[in-house]
Amino acid sequence: MAVGETTAGALAAQRNSIATSRKIRNHLWWGVCSVSLAFVIIPVVWIVWGIATQAASVWRWNLFIHTTATQNGLLNAIVGTFLITAGVAVIAGVVGIGCGVYISEVARPSVTTTILRSASEILSGIPSIVFGYVGYVALVVYLHWGFSLLAAWLVLSFLVVPYVAKSTELALSQVPLAYREGGEALGMHRTRVLRSLVMRSAIPGIATGLIIALAISIGETAPLLYTANWSDHLPTTQLVHASVPYLTYPVYTFYNEPLASLSALASDAALLLLVLVLLLILAARLVVHTTQKYSPNRALRGK
Amino acid sequence: MTEDGLPSSGSEGTAGGIPQSPQTPLPPHGMQSTTSMEPTSPLRLKLRRVTEISIIGGSAISAVLPLIALVAMLVVLFLEAIPAIRFNGWGILTGSTWNVGNAYAAFQHSHGVTHLVGAAYGAWPLIVGTLLTSAIAIIVGLPIAVGAAILVVEKLPNAIASVIGLFLEVLAGVPSAVIGLWGILTFGPWLAAHIYPWLSHMPNVPVLNYFRGNYNRAGQGLLTAGLVLAAMIIPIIAATTRDLLRQVPEATKEGAEALGMTSAEVFKTVQARWVRTGVIGAAVLGLGRALGETIAMALVAGGIQYVPSNIYQGASTIAAAIVLQLDAALTDPTGLAVKTLAELALILMVITLSVNVLARVIVRRAAKGAVLPVGAGF
């Protein structure tokens, strides 16, 4: 009897200690995860804060009206970035959306579409500097375009086409089959169904993809160094044989300039880039948020 | 429309199940909208055919362009690099000397290539720098990204998860030049002032002895570069892991919970097995991004082409060298230096291509048809 009691007591004690150690291990696990999350948040806050304070100490509003030639402004870089990005939006938009439409809507799923989709995915994994170098060799040197707007447009566009294509394809694949069937039941022609029903409901997804592509192209430096080069003067709409300035260049090259007014421009440009990217990310979120309410999927699923 | 060799929708020329010839106008039913939707006059039919053909043709051309671009890039790089490949041989992978040569002496010929006296191109330090910075980035970034994703999916309410999603998007969206600037003006000096003094007193035992040594004030070097890279690949890995974890069926988790497991044990038995392969794929994808990162590495790594002997020493990567060496390369009148940069770009492209294909194969196998936002970067 006494023996049995001690065993039972020992068992209970053992069970207790196991329970405690499991509890401790559980808390440890989630503690480690919380620390990881902190290490994700800290760099974001630190980068935004670091760049903002750096720029705030040297910020001048007149940088919007002077060019870098005067060492007092970024006007040429700002105009150049908008010029480059606008062109990329058109080229990458047309090609990327076309690519997504073909893979998702026009072609039947086959080996061909798999190859095309893989090519686009692989393209998105190639380092941007390789794009820049190929653009330099093929467009700037071989085709004699020189450092030019056109070379920058083409190189950056192919850099971001995979993102536009992927999001277009995703958005189209999420349009419910019932929409297409409904259109056909009304006697609409195939192209009409695509234009009026399918594409229209896919617009938010496509827009988000385009916005992300623009954010990427605004932030690229490496491919532009080789294709657009840099100019201290306002860019023109001349397509070839004219270097184009852009905002990432001062960030990359001016930061260790001995001249204070020039090195300050690096921080200012970094802040401008950060603000532009933040605005684009918020715009993408806004598109998703406002359209989710009226999303066809949501209506059909009865959510 | 079958005469185009296209899948017919089957609804051509039919209304209400009654076959009609396209030329026959619809009976005036008062449903004029139907008439306006379906053009019936020959002109409109022709217009519709033009629209259809232009949609199909245009989208097909767009769809082929990325493939053409991919092949063209490989071909252009290879053709450009041929003289450099003949001159450098395998030495580019093993040599450590990088010398454009003497531009003022007479040109020399060897291996059928004109080059400068003393020209030698060895990329071994660049290869080591690329692999080491990426390795540090994965070792530091992977656990942080995965841990954060686990907490976000399993414990945090949706509103907070959405805010953290925004943080990840911002981190992924910050231009690499801006991260580089932060690394060189803020992060590097901070590490050199507060972390490296402490870290450099590691015991003199294997592995840890790489932490012993001198560091510079700006913190430029291998470890800083690796840590900056870690920040750049965390969003890719974290977002993918998060989306994978959200696909784990609730019932399986509930089953494990019903057995009395703690939430950590549930995770290890259910979710961890479910997402394991996908996370490896995401990590390899992050590795691909780290290997190809250029501007941030050009700013933070130090741009020094020697094999580093401790973890603080300046280094350079293949991608950074292509940017940093261009000005020097353009001074080579024989053009061999620029061609060697093409060879470097080719090496980099082959490395990242294989890494990315590997990652996508792994992720696809893990996802089994589920659509993942992998590679979207956001």
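**Entry 1: where chain A meets chain B**

I began with the contact between the two chains, to which chain A gives 79 residues and chain B gives 81 residues. I then asked which element supplies the largest share of the side of chain A that touches chain B. It is helix H1 (residues 2–56) of chain A, with 20 residues. I sorted that side of chain A by class and recorded 53 nonpolar, 16 polar and ten charged residues. I note here that the model is predicted. For the complex, the predictor gives an ipTM of 0.89 and a pTM of 0.86.

**Entry 2: the domains of chain A**

I looked up how chain A is divided, and I found domain 1 (1–57) and domain 2 (62–301). The C-alpha centres of these two domains of chain A are 43 Å apart. I next looked up how many residues each domain brings to their contact. Domain 1 of chain A brings five residues, and domain 2 of chain A brings five residues. On the side of domain 1 of chain A that touches domain 2 of chain A, I recorded four nonpolar residues, one polar residue and no charged residue.

**Entry 3: a pair of helices in chain A**

I turned to helix H6 (residues 177–185) of chain A and helix H7 (residues 190–219) of chain A. Their axes come within 10 Å and cross at roughly 155°. Angles over 145 degrees count as roughly antiparallel, and H6(A) and H7(A) are therefore roughly antiparallel to each other. I also looked up the hand of the crossing of H6(A) and H7(A), which is right-handed. From H6(A), the residues that make the contact are Tyr179(A), Arg180(A), Gly183(A) and Glu184(A). From H7(A), they are Val193(A), Leu197(A), Val198(A) and Ser201(A). By class, I entered four nonpolar, two polar and two charged residues for the contact of H6(A) with H7(A).

**Entry 4: confidence in chain B**

I finished with the pLDDT of chain B, whose mean is 83, with 86% of the residues at 70 or more. Which elements of chain B have the lowest and the highest mean pLDDT? The lowest, 37, belongs to strand S1 (residues 14–15) of chain B, and the highest, 95, to helix H4 (residues 124–154) of chain B. Over residues 1–36 of chain B the pLDDT is below 50, and this stretch has 27 contacts in the model beyond near neighbours in sequence. Residues 369–378 of chain B also stay under 50, and for them the model has 24 contacts beyond four places in sequence. I add a caution: where pLDDT is low, the predicted coordinates should not be read in detail.

Key
Residues are numbered from 1 along each chain as its sequence is written. Chains are lettered from A and ligands numbered from 1 in the order in which they are written. This is a predicted model: local features need pLDDT of at least 70, side-chain atom pairs count only at pLDDT 80 or more; totals for chains, interfaces and linings use all residues. Domain bounds come from an automatic or database domain assignment. Two residues are in contact if their C-beta atoms, placed from the backbone, lie within 7 Å. Ala, Val, Leu, Ile, Met, Phe, Trp, Tyr, Cys and Pro count as nonpolar, Asp, Glu, Lys and Arg as charged, and the others, Gly among them, as polar. Axes are lines fitted to C-alpha atoms, for helices over the stretch in contact, and angles run from 0 to 180 degrees between N-to-C directions. Helices (H or I, at least four residues) and strands (E, at least two) are DSSP runs, numbered from the N terminus. Angles under 35 degrees count as roughly parallel, over 145 as roughly antiparallel, 65 to 115 as roughly perpendicular and the rest as oblique. A crossing is left-handed if the near helix is turned anticlockwise from the far one by less than a right angle, and right-handed if clockwise. pLDDT is the predictor's confidence in each residue, from 0 to 100.
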